[in-house]
Each structure stands twice: as structure tokens, then as C-alpha cells.
Amino acid sequence: MNHSTQHTSTAHDHAAHQAHQAHQAHQAHQAHAGHAGHQVGSVTWGAAAKATLHCLTGCAIGEILGMVIGTALMWGNVGTTVLAIVLAFVFGYSFTLFAVRKAGLDFRTALKVALAADTVSIAVMELVDNGIIALVPGAMDAHLADTLFWTSLLGGFVIAFLLTTPVNKWMIGRGKGHAVVHAYH
């Protein structure tokens with residue numbers, strides 16, 4: 001067997017082994033009590049809300065940190081918003097990344113799972129939340145000590161949660177989004 005054929009055979013064996021492990025993990029997960037809401041096609045609102053809350057937690061930490069840093073440094077609205085969005089994605093992904101790494105996935109695979117699980121959810125959340133902040137008169141120019149700063153930011157999170165939960169329910173029901181994480185916990 002030449003090196004090229006041997007490499008292809010080894011890669012195929014490795015891929016087959018990973019697929020078998022993923023299948024076993026998925027079967028074990030489906031048998032795990034309390035997770036019936038995560039199966040493709042049958043998703044409870046509670047499971048969707050839990051996935052959204054998980055995502056919102058990371059987003060909120062990143063976005064609040066970005067808004068606080070940008071506002072404290074007296075950056076303009078665009079720079080502060082960009083920093084807040086970037087940190088929302090970083091923290092949103094990191095929560096999932098750490099959870100699936102803890103389950104034993106290598107970093108590269110864990111990163112792929114986190115990207116697949118959270119990208120749409122974080123994007124919708126950030127679009128809604130930042131849209132709310134942009135639409136509230138004076139919110140973009142409010143300072144950290146202003147009630148308007150905090151009420152528009154937190155109000156945006158609430159509205160983002162309410163609008164993102166149905167998106168997550170729809171995606172999980174099709175085996176997408178947060179559904180890809182459930183085989184690893």
C-alpha cells in the first residue's frame with residue numbers, strides 16, 4: 001500500500017471512528033432523562049428558552065463589558081458598539097466552547113461545535129439588542145451613571161431573549177443551532 005492510499009485509509013478510519021463515537025454519544029444522550037425536548041422535530045419552549053438563556057448570558061457579559069469599556073474610555077458610538085458586539089460573540093462562544101471541551105472534545109472540534117451552536121442565536125440577539133439601543137432616544141449618548149444607559153441595555157436584552165427564543169426553537173427542531181451541543185453533555 002503506498003503512502004497516499006495508507007493516508008486516505010487512515011483518514012477514513014479516523015472519520016468512521018469519530019462518526020461512531022458521535023452516534024454512540026447521541027444515543028446515550030437521547031436515553032438521558034429530561035432531554036426529550038432536544039430531539040429533532042420535538043422541541044419544548046423550555047428547551048428553547050434554556051438554550052437562549054445560555055447564549056444570552058455570554059452575550060450579556062460581553063456586551064455589557066464592551067459598553068462599559070467603550071463608554072469609560074469615551075469612545076464614540078460606533079467603536080463602543082463594535083467592541084460590545086465582538087465581546088458578545090467572544091463570551092457567547094466561550095461558554096459553549098468550555099462546556100464541550102469539558103466533555104472531552106479537542107479544541108478545533110469544540111470550536112466548530114460552538115460556532116454551529118451559537119452563531120445564529122448570538123447574531124439575532126445582537127441585532128435586536130443593538131437595534132433597540134439605537135432606537136431609544138438618547139440611549140446611544142447615555143453615560144454609565146445614567147438610568148437610560150442601563151434600562152435601554154437591559155430592556156434590549158429582554159426583547160432580544162423574547163425574539164431569539166422562537167428562532168432557537170425552530171433551529172433546534174431541525175437539528176441545528178444549540179441542538180449540536182447536546183450530544184456532548
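Helices (DSSP runs of H or I with at least four residues) and strands (runs of E with at least two) are numbered from the N terminus. The model treated here is predicted: local features need pLDDT of at least 70, side-chain atom pairs count only at pLDDT 80 or more, and totals for chains, interfaces and linings use all residues. Residues are numbered from 1 along each chain as its sequence is written, and side-chain values use heavy atoms, with hydrogens and water left out.

**Exercise 1. Overall architecture**

Task: State the secondary-structure content of the protein and the share of its residues that is buried.

Solution:
- Step 1. The protein has five helices and zero strands.
- Step 2. Along the sequence, the pattern reads α-α-α-α-α.
- Step 3. Buried means under 20% relative accessible area, exposed over 50%, and partly exposed in between, with a 1.4 Å probe and protein chains only.
- Step 4. Among the 185 residues of the protein, 36% count as buried.

**Exercise 2. Residues of helices H2 and H4**

Task: Classify Val 113, Ala 123 and Ile 64 by accessibility and give one C-alpha separation for each.

Solution:
- Step 1. Val 113 belongs to helix H4. Val 113 counts as buried because its relative accessibility is 8%. Its C-alpha atom is 7.6 Å from that of Leu 97, a residue 16 positions away in sequence.
- Step 2. Ala 123 is also placed in helix H4. Its relative accessibility is 34%, so Ala 123 counts as partly exposed. Between the C-alpha atoms of Ala 123 and Ile 85 there are 9.0 Å, with 38 residues separating the two along the chain.
- Step 3. Ile 64 sits in helix H2. Ile 64 counts as partly exposed because its relative accessibility is 23%. Although Ile 64 and Leu 154 are 90 residues apart in sequence, their C-alpha atoms are 9.3 Å apart in space.

**Exercise 3. The loop between H2 and H3**

Task: Describe Met 74 and Trp 75, and identify the nonpolar patch that includes Trp 75.

Solution:
- Step 1. Met 74 lies in the loop between H2 and H3. Its phi is near 55°, a positive value in a residue other than glycine. Met 74 counts as exposed because its relative accessibility is 72%.
- Step 2. Trp 75 is in the loop that joins helix H2 (45-72) and helix H3 (77-102). Its relative accessible area is 41%, so Trp 75 is partly exposed.
- Step 3. Patches consist of residues with over 30% relative accessible area and no salt bridge, where like charges are joined within 9 Å and nonpolar side chains (Val, Leu, Ile, Met, Phe, Trp, Tyr) within 5 Å. A salt bridge is a side-chain nitrogen of Lys or Arg within 4 Å of a carboxyl oxygen of Asp or Glu.
- Step 4. Leu 65, Ile 69, Leu 73 and Trp 75 make a nonpolar surface patch of about 350 Å². Accessible areas come from the Shrake-Rupley method with a 1.4 Å probe, and for residues only the protein chains shown count as cover.

**Exercise 4. The loop between H4 and H5**

Task: Locate Pro 137 and classify its accessibility.

Solution:
- Step 1. Pro 137 is placed in the loop between helix H4 (107-135) and H5.
- Step 2. Pro 137 is exposed because its relative accessible area is 73%.
- Step 3. Ser 152 is 15 residues away from Pro 137 along the chain, and their C-alpha atoms are separated by 9.6 Å.
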